[in-house]
Structures are given as structure tokens and as C-alpha cells.
Protein chains: 2
Amino acid sequence: MAGEAVKKLDNLGKKLVKDIEEEKNPSMTIPLRALSNVVFDRQDRTLRIGDKTFVRSFFNVAHARKFLQTVEVGAISKDLLNNNKHASLRDVFYMAKRTIPNTKINVVDEQQESDNAVEDLEMITGSWREQLHINANKLGAVAGNVVVEDAGDTIDWSKLGSGGWSIPSNIEELKFKKVDAKYVIYMEKAAVWERLNEDKVWKKLNCIIISSQGQATRGIRRMLQILSTQYKLPIYVLTDFDPWGIYIYSVLKFGSINLAHISDRLSIPNAKFLGITADDIEKYDLKKHFINFKDVDFSRLDQIGSYDWFKNNKDWQRQFKMMKDWKAKAEIQALSARGISFISDKYLPDKIKNEDWLD
Amino acid sequence: MAGEAVKKLDNLGKKLVKDIEEEKNPSMTIPLRALSNVVFDRQDRTLRIGDKTFVRSFFNVAHARKFLQTVEVGAISKDLLNNNKHASLRDVFYMAKRTIPNTKINVVDEQQESDNAVEDLEMITGSWREQLHINANKLGAVAGNVVVEDAGDTIDWSKLGSGGWSIPSNIEELKFKKVDAKYVIYMEKAAVWERLNEDKVWKKLNCIIISSQGQATRGIRRMLQILSTQYKLPIYVLTDFDPWGIYIYSVLKFGSINLAHISDRLSIPNAKFLGITADDIEKYDLKKHFINFKDVDFSRLDQIGSYDWFKNNKDWQRQFKMMKDWKAKAEIQALSARGISFISDKYLPDKIKNEDWLD
């Protein structure tokens, strides 16, 4: 894997050297990362980057700085790959922030500059950030009847007590050795994960439970995608009944505008929204636990309701309408009002048995 | 452990029943949790709760609601303990939010009410929240030559790949089976933890590495305290050079006003601040990577500088003065400018060898 990324970075370097030897203006062609070049692929039901590209060349006052930054970050990435080390975006920023000899000019002054260079390199090389050994955030825990190999260790996710395995920011080199599960439940809240883990839901229902805290990190999304595509496991998403929870589901399933250029490695078109839904709230009499909408909730709900993939979906529009009529949201933990293990003993088994989810 | 907490809750219940049988006004005596009753114990160098108490009684219009809430949350806790289940504060809120029969009055309407009841119960029973089976947040990862037993599993912290063990919110029932380490490095940033873990610093330096993301959770603080007091390991704290990083250290070492009533179970008087310090910035030529102070940084720095335990400490006042003169802060990752593994290969070994820390 590392070898492939090094080769791609090498190819970029060789191309630039060739330009110089041929006395051409050194240049690189980069797919355009902008809203105007993001499309919703109706076939795959995923946000993707379109066909537009632009050329960045060295002898161009408007391009020279970004050109240098891209080459510098490429060199940093190659160095990381050759030394088999990984860095965070923040590390890469500090490594790139060197002063050009005999000037007072830094290669980068703001992290946004090195971040952009990393994204450009993803587009140019077709290797994504994690393959370039540049890590995203570390967050989340996992448990289940699964054995993985990672960094030389064999790790059994079913034997990690009340803590679980802490999910690394980068799972590119993780190998699944055994996956004995019928599906995956991903939840946005660590407290809900602790509930399901204490109740040994992953054992009783034979599934994998994964949590983050809020939005799923890239490491978690990639892990879910591998379990979905390579191990054919259904992915069920468990969030609050509010626009933010539904957005978490939306990003997992359809991708996001920011990361449209790597949708094929992150999005999970088969993911299902398990709950909690407006119908759960009625069925389990949870209206008492409503949290009233604020202005920001209304506007976020309208935004999400108008997404390409939701706007013609009757089931989702019905949910949005109920939320809007109620002017209220509800948390997944409201289920605790029915008993601390109601979620484990009744809610989840029933939902899954009845295939009671939104698509 | 659970048995002890149940007994204490039982004692509270029996006391109230006795009051009723003797036709007295049922009442409970609670230590006062207020700034006026928080003292800095100069001997132990820890924030503690003072001797003031107050009496809450049932037949008192101003007390009746809180009285009921405390009893209700006590009953929920006893139920959790008897069923060997744990709940989050949010769960407890939803469980307590029931409507009193034949009225429209809920036992609690806001989470703050059940949270306060939990704190009152901590004070009344002398059992802290985790012992009452009410969990705090789950966050953080750990690695090292340590074996623990938790929830029936034996977990080796040296064999968990690039992820490490995910630290549970509640470590009351965790048992250390083997602790082979000379000290503990706690850091505020998960990205720094990933750096040290990839470089196998815990193996090379024979230490334990623990991270959260920002403030340490109660689970992490308790774990550090056990390693400090029961295993006599020095605890070294690694944060950014800014008021927020120093505050993280301050809370770990001296405790906090909010949690002064359980300082003896959380604070770590022997903790040392490893870095990064103003001297590190000079020594390793990191001024180039300064981040300019904003107004909020100045006021936070003044606040921290005036804490009882810092205001007469010359070493710390010197640090604060340098930060203030520079009008700037610096991040731990600025060390990456010296090389991606500079922190692992040079910075940490030198600092620890030279005992170059602040107390």
C-alpha cells in the first residue's frame, strides 16, 4: 500500500523534472474541488467529484506559492512513507512551515495552506490522505466477535472489557482476520455504546457496535465501508431524532461535499437509519421527552430536507414534516425512561427483526 | 464495592423511614457545595470541601422538590446497583423524569436537577458517582506494559496495535494484574498519543501513555490517581504551552472547585508538568511557531496565575510572565518542525532524564 503511494508521488516528481528538462513551465493537472464540480450520482446514490480540472504551473505569479506548497507536502509525505511513520495534518503544517533560505518567506503560514496541499495531492495521486500517511482524528470505540491484525498485534474485539478497542485515526493497514457478525450498529454517542456494551448486545444479537462522539471520523467511516462492501454486513445508524443526527446518517451514506473526491472510499450507500424516528417516538410514548426546536434547528432541518437524496424521498419527508410540526427533537437516551436496558432488550431487537428502518 | 454503596443508600432510606415513624420531619444533612465551603488544603496541596453542612427537610416548601429528587435518584441508583447496570447522567435524568401520579408535575424537568441530586447523594453517602453506578464521559486511549482485568476480560495494553485500549467512563471495577512501567505520560491530544504509540515510546522508555482530547475525563483522572498512589508511578503531563494546557495540569494535580468534594479520589498532588514550557520554546527554537494571544488568553492567564497554588510559585510565575511578554502560545506539535519523531527520540527522553519539569 505504502509502495503504491510512494510510486504515485515519484511519478509526480518525475513529471515535473521532465517539464524542467524539456524547458517547459512545470505544471500539474488537478481535478477541481468546488461546489460547481460536485455531482450527486443518482446511480450510485453518492456525491462525487465531476470531470472539471485545472492546471497549476510554477511560472505563474498566482500559482507559484501553491505549486511550491504542493511539492513540499508531497516531499513530506514521501518521507513519512519511506520511514513508515504517520503524521497528523497539524504535524504536516509544522513540518512544511520552514523559511525559504535567504528570504523571510515561509513555505506555509496557515494550516489551511498545507491542508489544501494535502487535498490536492489526494486528487493528483489518487491516493487518499491516509495512504499518504497523513492521519485524521482518532476517536471512537468498537466491540464484537471480530479479530483484527494491526501494527503487529492480533486484537480480539470480543475480549476488551468495558472499554473496547480504541479506533485508530488510520485503518489502512488493519487486516480483518475473523468477522463473525450479522450486521453493524453505528451510534453517535459513546454513552449509548457503553449501554449496549454492558448489556453485551454485540454478543446477544451477534453484531458489531461502533461509536464516535458526534460526527464519525474518517477512520470510522472507512471501517464501516470495509465492513459493508467487503464483508457484506448491513450498517445500521443510531442517532438522536434531530437534524444533526440525520446529517450524521446523511454523510455516512451519501458522502459530503468536502470529501466528494473520495466518496468511493468513504460513503456507504447501503446504510440504513435505524432510529430514533418519529414513529418510535409515537410508538414508545416519548413526546414527554421532547426538546423544543430553536431557530437553528428549523433552518438546519430545511437545509437537510432539500438535499437531492432526501427531497424526493417520501419516507424521509414524512419524518421531516412530523419533526417540523412538533417543533421538537428527541434524544436516543429518552428510551431510558422505559428502563435502562429497554434499548438493548426491546428497542433494537424489535427494530431489526421488523426491518423497521429508513433508507 | 457495589454492596457498600447499596448499604449506604439503604442507611439513608432507613433514616428517613425512622423520621417518619417517629413523626419527625424527614430530613437529610448534606455538606455544602459552594465556593464559600471550598478550601485549598496547604498540607495536601489539594482543593477540598470544608465543614459547612445544611439540612434538607421534606415539610419545607423550599426543600420538598429537591428532597423528592434526591430520594428518587437514590432509588434509581440502588436499582442500577442491584441489577449490576451503569447509567449516564443523561439516562438518570430520563429515568427520573416521571410524572407524579394524579398530578401534572414531573419529578425533574431539567437535567441540572437530577445532576444536583447525584452530587448530593455523593456527599450524603460518601460514595462517589461511579460507585453509585452513574457514569461520566468515555474518552481516551492507553498503551503500556500493563495487564488489567475488566468486565470479565483480561486485557494486555501492550498488544492493542495502533488503537490502544479505549478507556471506559468508569474504572471502579477495573483490576490491575501487572504494571511494568517507570512512569506515566498523560497528554491532552490524541494525535500526540498516536505519535508516541507509533514510535513505541511506551516500550522504549518503559512507561504508560494515556491521552484524552482536551480535559481529562473522570475515568482518566481516577486511573492516573490509582497509578500514582497505589503503584507509586510519577505522572508527567504533556500539553500545549497555553493557559488551557496549564489549566488541564492544574485540575489533574490540585483538583477543581466543582469536584472539590471528591478531590481525595481524583487529584494527583505528585503530578509534574513536563511541557512544553517557555524554556523548551527557547531551547528548541520554536518561537517561529508562536500563535498570538487573543484577549481571552490574557484574561485566562491572569486567572490561572492568581490561583492559590500558583501565585507564590516562582517557577510558574516565571512561565506566566514569559508567556505574557511574548503575547503568544505554542502547541506541542510545534516540535514536529524539528522532525516527526523528535518528540519521541529526543524531547521526552531528555526532559525525563534531566528531571526537567515544573511542580
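**Stop 1: the loop at Lys327(A)**

Select Lys327(A), in the loop of chain A between helix H13 (314-326) and strand S17 (328-329). The model on your screen is predicted. Check the backbone of Lys327(A): phi is near 55°, a positive value in a residue other than glycine. Most residues other than glycine have a negative phi. Is Lys327(A) buried or exposed? Lys327(A) has 12 C-beta neighbours inside 10 Å, so it counts as exposed. The cut-off for exposed is 12 or fewer.

**Stop 2: a similar spot in chain B**

Go to Asn84(B). Asn84(B) sits in the loop between helix H2 (64-82) and strand S5 (87-88) of chain B. Phi of Asn84(B) is positive too, near 50°, and the residue is not a glycine. Count the surroundings: 10 other C-beta atoms lie within 10 Å, and Asn84(B) is exposed.

**Stop 3: helix H1 of chain A**

Select residues 2-21 of chain A, which make up helix H1. Put a distance between the C-alpha atoms at the two ends; they are 28 Å apart. That agrees with expectation, because 20 residues at 1.5 Å a residue should span 28 Å.

Now colour Ala5(A), Val6(A) and Leu9(A), which are buried in H1(A). Look down the axis of H1(A). The buried residues fall within an arc of 100°, so they line one face of the helix. What do they pack against? Their partners are helix H2 (64-82) and helix H4 (111-125) of chain A.

Turn H1(A) to its other side. There you find Gly3(A), Lys7(A), Asn11(A), Lys14(A), Lys18(A) and Glu21(A), which are exposed. Then step just past the end of H1(A) to Glu23(A), where phi is positive at about 55°.

**Stop 4: strands S8, S9 and S11 of chain B**

Show residues 146-150 of chain B, strand S8, together with strand S11, residues 175-179. S8(B) and S11(B) pair in the antiparallel sense over four bridges. Add strand S9, residues 153-156 of chain B. S9(B) also pairs with S8(B) in the antiparallel sense, over four bridges.

Centre on Val148(B). Its bridge partner in S11(B) is Phe176(B). In S9(B), its bridge partner is Ile155(B).

Follow the chain from S8(B) into S9(B). The two strands form a hairpin with two residues between them. In that turn, select Ala151(B), which has a positive phi of about 50°.

**Stop 5: the nonpolar core**

Which residues of the largest nonpolar core touch the most other members? They are Val184(A), Ile209(A), Val184(B) and Ile209(B), in a core of 165 residues. In soluble globular proteins, nonpolar side chains tend to be buried together.

Zoom in on Val184(A). Set aside its neighbours within four places in sequence. Val184(A) is then in contact with Cys207(A), Ile208(A), Ile210(A), Leu224(A), Leu227(A), Leu233(A), Ile235(A) and Tyr236(A).

**Stop 6: strand S14 of chain A**

Two of those contacts, Ile235(A) and Tyr236(A), lead into strand S14, residues 235-238 of chain A. In a regular strand the side chains alternate between the two faces of the sheet. Here both faces are covered. Ile235(A) and Val237(A) are on one side, Tyr236(A) and Leu238(A) on the other, and all are buried.

Bring in strand S12, residues 183-187 of chain A, which runs parallel to S14(A) and is joined to it by four bridges. Met187(A) stands opposite Leu238(A). Next show strand S15, residues 272-275 of chain A; S15(A) and S14(A) pair in the parallel sense over three bridges. There, Gly275(A) is the bridge partner of Leu238(A).

**Stop 7: the cis peptide bonds**

Stay on Gly275(A). A cis peptide bond joins Gly275(A) and Ile276(A), with omega about 5°. Most peptide bonds are trans. Ile276(A) lies in the loop between S15 and helix H10 (278-283) of chain A.

Switch to chain B. Gly275(B) and Ile276(B) are also joined by a cis peptide bond, with omega about 5°. Ile276(B) is in the loop between strand S15 (272-275) and helix H10 (278-283) of chain B.

**Stop 8: the two chains together**

Zoom out and show both chains. A rotation of 180° with 0.0 Å of shift along its axis superposes chain A on chain B, with an RMSD of 0.0 Å. That is the relation of a two-fold axis. Which residue of chain A comes closest to the rotation axis? Select Ser166(A), whose C-alpha is at 2.1 Å.

Finish at the interface. Of the interface residues of chain A, 100% are also interface residues in chain B, so the copies meet through the same surface.

Definitions and conventions
Residues are numbered from 1 along each chain as its sequence is written. Chains are lettered from A and ligands numbered from 1 in the order in which they are written. This is a predicted model: local features need pLDDT of at least 70, side-chain atom pairs count only at pLDDT 80 or more; totals for chains, interfaces and linings use all residues. The expected span of a helix is 1.5 Å times one less than its number of residues. A residue is buried if 20 or more other C-beta atoms lie within 10 Å of its own, exposed if 12 or fewer, and partly exposed in between; C-beta atoms are placed from the backbone. The arc is that of the directions from the helix axis to the C-beta atoms. Two residues are in contact if their C-beta atoms, placed from the backbone, lie within 7 Å. Copies are superposed by least squares on the C-alpha atoms of residues with pLDDT of at least 70 in both. Two strands pair if DSSP finds at least two bridges between them. A nonpolar core is a set of buried Ala, Val, Leu, Ile, Met, Phe, Trp, Tyr and Cys residues joined through C-beta atoms within 7 Å.
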